[in-house]
Amino acid sequence: MKPLTTAEIAACKAVATSAHTRARPVIVAILKECSVTIAELASDIRADRIANARQIIMAALYDRGFSTIEIGRLLGRDPSTVNH
């Protein structure tokens, strides 16, 4: 397997940054509405209010065209969790 070129690396960074930039307003709005912090979202806590916020965020991002892999990366979850 040959290494990525500089142009390929730049393209990957642009896609990753773009996904994060597009997702941020959605995530922040839902967290605010659900009274959940970023730290709680990133944690392994399974309390209903936090789990519900995660599910709403996943659904909202999926509806906006994000793939389950992108959503999993953004939220630090496995894509199979997003699928479920």
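Trainee: Before we place Ala51, what counts as a helix here?
Mentor: The model is predicted, and its elements are read from DSSP runs. A run of H or I has to hold at least four residues, and numbering starts from the N terminus. A run that meets this is called a helix.

Trainee: In which helix is the place of Ala51?
Mentor: Helix H3 covers 48–63. The place of Ala51 is in helix H3.

Trainee: Is Ala51 buried, partly exposed or exposed?
Mentor: Buried means under 20% relative accessible area, and exposed means over 50%. Ala51 has 21% relative accessibility, so the residue counts as partly exposed.

Trainee: How far apart in space are Ala51 and Ile71, C-alpha to C-alpha?
Mentor: In sequence, Ala51 and Ile71 are 20 residues apart. Ile71 is among the residues with the most contacts inside the largest nonpolar core. From C-alpha to C-alpha, the separation of Ala51 and Ile71 in space is 15 Å.

Trainee: Which elements give two or more residues to the largest nonpolar core?
Mentor: This core has 18 residues, and Ile27, Ile57, Leu61, Ile71 and Leu75 have the most contacts inside it. The elements that give two or more residues are helix H1 (6–34), helix H3 (48–63) and helix H4 (68–75).

Trainee: Which residues is Ile71 in contact with, leaving aside its neighbours within four places in sequence?
Mentor: Contact means heavy atoms within 4.5 Å. With those neighbours left aside, the partners of Ile71 are Met58, Leu61, Tyr62, Phe66 and Val82.

Trainee: Which element gives the largest share of the lining of the largest pocket?
Mentor: The largest pocket has a volume of about 340 Å³. H3 and helix H5 (79–83) are the elements that give two or more residues to its lining. Ala51, Arg54, Gln55 and Met58 are among the lining residues. The largest share, four residues, comes from H3.

Trainee: How many residues of each class are in the lining of the largest pocket?
Mentor: Among the lining residues are Asp44, Arg46, Thr81, Val82 and His84. By class, the lining has four nonpolar, four polar and four charged residues.

Trainee: Which element gives the most to the lining of the second largest pocket?
Mentor: The second largest pocket has a volume of about 180 Å³. H1, helix H2 (38–42) and H4 each supply at least two lining residues. The most, four residues, comes from H1.

Trainee: How do the residues of the lining of the second largest pocket divide by class?
Mentor: The lining includes His20, Arg24, Ile27 and Leu75. Ile27 and Leu75 are also among the residues with the most contacts inside the largest nonpolar core. The lining divides into seven nonpolar, one polar and one charged.

How values were computed
Residues are numbered from 1 along each chain as its sequence is written. This is a predicted model: local features need pLDDT of at least 70, side-chain atom pairs count only at pLDDT 80 or more; totals for chains, interfaces and linings use all residues. Side-chain values use heavy atoms; hydrogens and water are left out. A nonpolar core is a set of buried Ala, Val, Leu, Ile, Met, Phe, Trp, Tyr and Cys residues joined through side-chain atoms within 4.5 Å. Buried means under 20% relative accessible area, exposed over 50%, partly exposed in between (1.4 Å probe, protein chains only). On a 1 Å grid over the protein atoms alone, a cavity is a set of points where a 1.4 Å probe fits but cannot get out, and a pocket is an open set with protein on both sides within 12 Å along at least five of seven lines; lining residues have an atom within 4 Å of a point. Grid points are joined across faces, edges and corners, and a volume is the space filled by probe spheres set on the points. Ala, Val, Leu, Ile, Met, Phe, Trp, Tyr, Cys and Pro count as nonpolar, Asp, Glu, Lys and Arg as charged, and the others, Gly among them, as polar.
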